[in-house]
Amino acid sequence: MATKEEILESIAQMSVMDVADLIKMMEEKFGVVAAAAAVAGPAAGAAGDAPAEEEQTEFTVVLKSVDAAKKIACIKEVRAITGLGLKEAKDLCENGGNLKEGVSKEEAASMKEKLEAAGCVIEVK
């Protein structure tokens, strides 16, 4: 078995992408998240890449546009999802904008599916 120093030297010789892959493999194998270790462990060049590797957990659902032929259905669905009044939902459908912020990936996907079925063009950020 290799010593800690030998393992550390092997990691030091890896490219940033190889280190990122190694971290992902370790997270999967041991069922942990090494976000803090990823920033502190590798060289300074890898520290800038670490935040990009983290998976986004909160999403914003944005209404881009509405199919004019299905405007009423879109307003009904927007009201059901957001809890807005009729006038506010109508304004949102006409002008576009954020429907909900800070929602989970599953909730955002569900909202997008329902709204697109009603005739809306949705973007999830």
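In which helix is the place of E88? E88 sits in helix α7, and that helix is a convenient reference point for a walk through this predicted model. At 44% relative accessibility, E88 counts as partly exposed, since that value falls between the 20% limit for buried and the 50% limit for exposed. E88 also gives a first view of how α7 stands to the helix before it in the numbering. I75 is 13 residues away from E88 in sequence, and the two C-alpha atoms are 9.4 Å apart in space.

The overall layout comes next. The protein chain contains eight helices and three strands. Taken in sequence order, these elements follow the pattern α-α-α-α-α-β-α-α-β-α-β. Of the 125 residues in the protein chain, 22% count as buried. Among contacts in the protein chain with a separation of 6 or more, 61% are between residues 24 or more positions apart.

The sheet is the next element to trace. Its three strands form an open sheet, ordered β2-β1-β3, with antiparallel pairing. β2 (97–103) and β3 (120–124) are the edge strands, each with a single partner strand, so each has one side without a neighbour in the sheet. From one strand to the next, the twist averages 20°.

The pairings of β1 can be followed strand by strand. Strand β1 covers residues 59–66 and pairs with β2 in the antiparallel sense over four bridges. β1 and β3 also run antiparallel, and five bridges join them. V61 marks both pairings. Opposite V61 in β2 stands K100, and in β3 the bridge partner of V61 is V124.

T60 is another residue of strand β1. Is T60 buried or exposed? With a relative accessible area of 19%, T60 is buried, because the limit for that class is under 20%. Leaving aside residues up to four places away in sequence, T60 touches N98, K100, E101, G102, E123, V124 and K125. K100, one of these, is also the residue that V61 stands opposite in β2. V124, another of them, is the bridge partner of V61 in β3.

Before β1 lies a loop. E58 is placed in the loop between α5 (50–53) and β1. With a relative accessibility of 53%, E58 counts as exposed. E58 and V103 are separated by 45 residues in sequence, but their C-alpha atoms are 5.3 Å apart in space. When residues up to four places away in sequence are not counted, E58 touches G102, V103 and K125. G102 and K125 are also among the residues that T60 touches.

Two helices can now be placed against the sheet. α7 packs on the sheet and touches β1 and β2, and its direction makes about 105° with that of β2. Helix α8, residues 105–118, lies across β1, β2 and β3 and runs at about 165° to β3.

The helices also pack on one another. Two packed helices are described by the angle between their axes and the distance between the axes. Helix α6 (residues 71–82) packs with helix α7 (residues 86–95) at an angle of about 120°, and their axes are 9 Å apart. The two helices are therefore oblique to each other. Their crossing is right-handed. On the α6 side the contact is made by K71, C74, I75, V78 and R79, and on the α7 side by L86, A89, K90, L92, C93 and E94. By class, this contact of α6 with α7 has seven nonpolar, no polar and four charged residues.

How does α6 stand to α8, and at what angle do they pack? α6 and α8 pack at about 160°, with axes 8 Å apart. α6 is therefore roughly antiparallel to α8, a class that takes angles over 145 degrees. The contact is made by A73, C74, E77, V78 and I81 of α6 together with M111, K114, L115 and A118 of α8. The residues of this contact of α6 with α8 divide into seven nonpolar, no polar and two charged. C74 and V78 of α6 take part in this contact with α8, and C74 and V78 are also part of the contact with α7.

Key
Residues are numbered from 1 along each chain as its sequence is written. This is a predicted model: local features need pLDDT of at least 70, side-chain atom pairs count only at pLDDT 80 or more; totals for chains, interfaces and linings use all residues. Side-chain values use heavy atoms; hydrogens and water are left out. Axes are lines fitted to C-alpha atoms, for helices over the stretch in contact, and angles run from 0 to 180 degrees between N-to-C directions. Angles under 35 degrees count as roughly parallel, over 145 as roughly antiparallel, 65 to 115 as roughly perpendicular and the rest as oblique. A crossing is left-handed if the near helix is turned anticlockwise from the far one by less than a right angle, and right-handed if clockwise. Contact means heavy atoms within 4.5 Å. Ala, Val, Leu, Ile, Met, Phe, Trp, Tyr, Cys and Pro count as nonpolar, Asp, Glu, Lys and Arg as charged, and the others, Gly among them, as polar. Two strands pair if DSSP finds at least two bridges between them. Buried means under 20% relative accessible area, exposed over 50%, partly exposed in between (1.4 Å probe, protein chains only).
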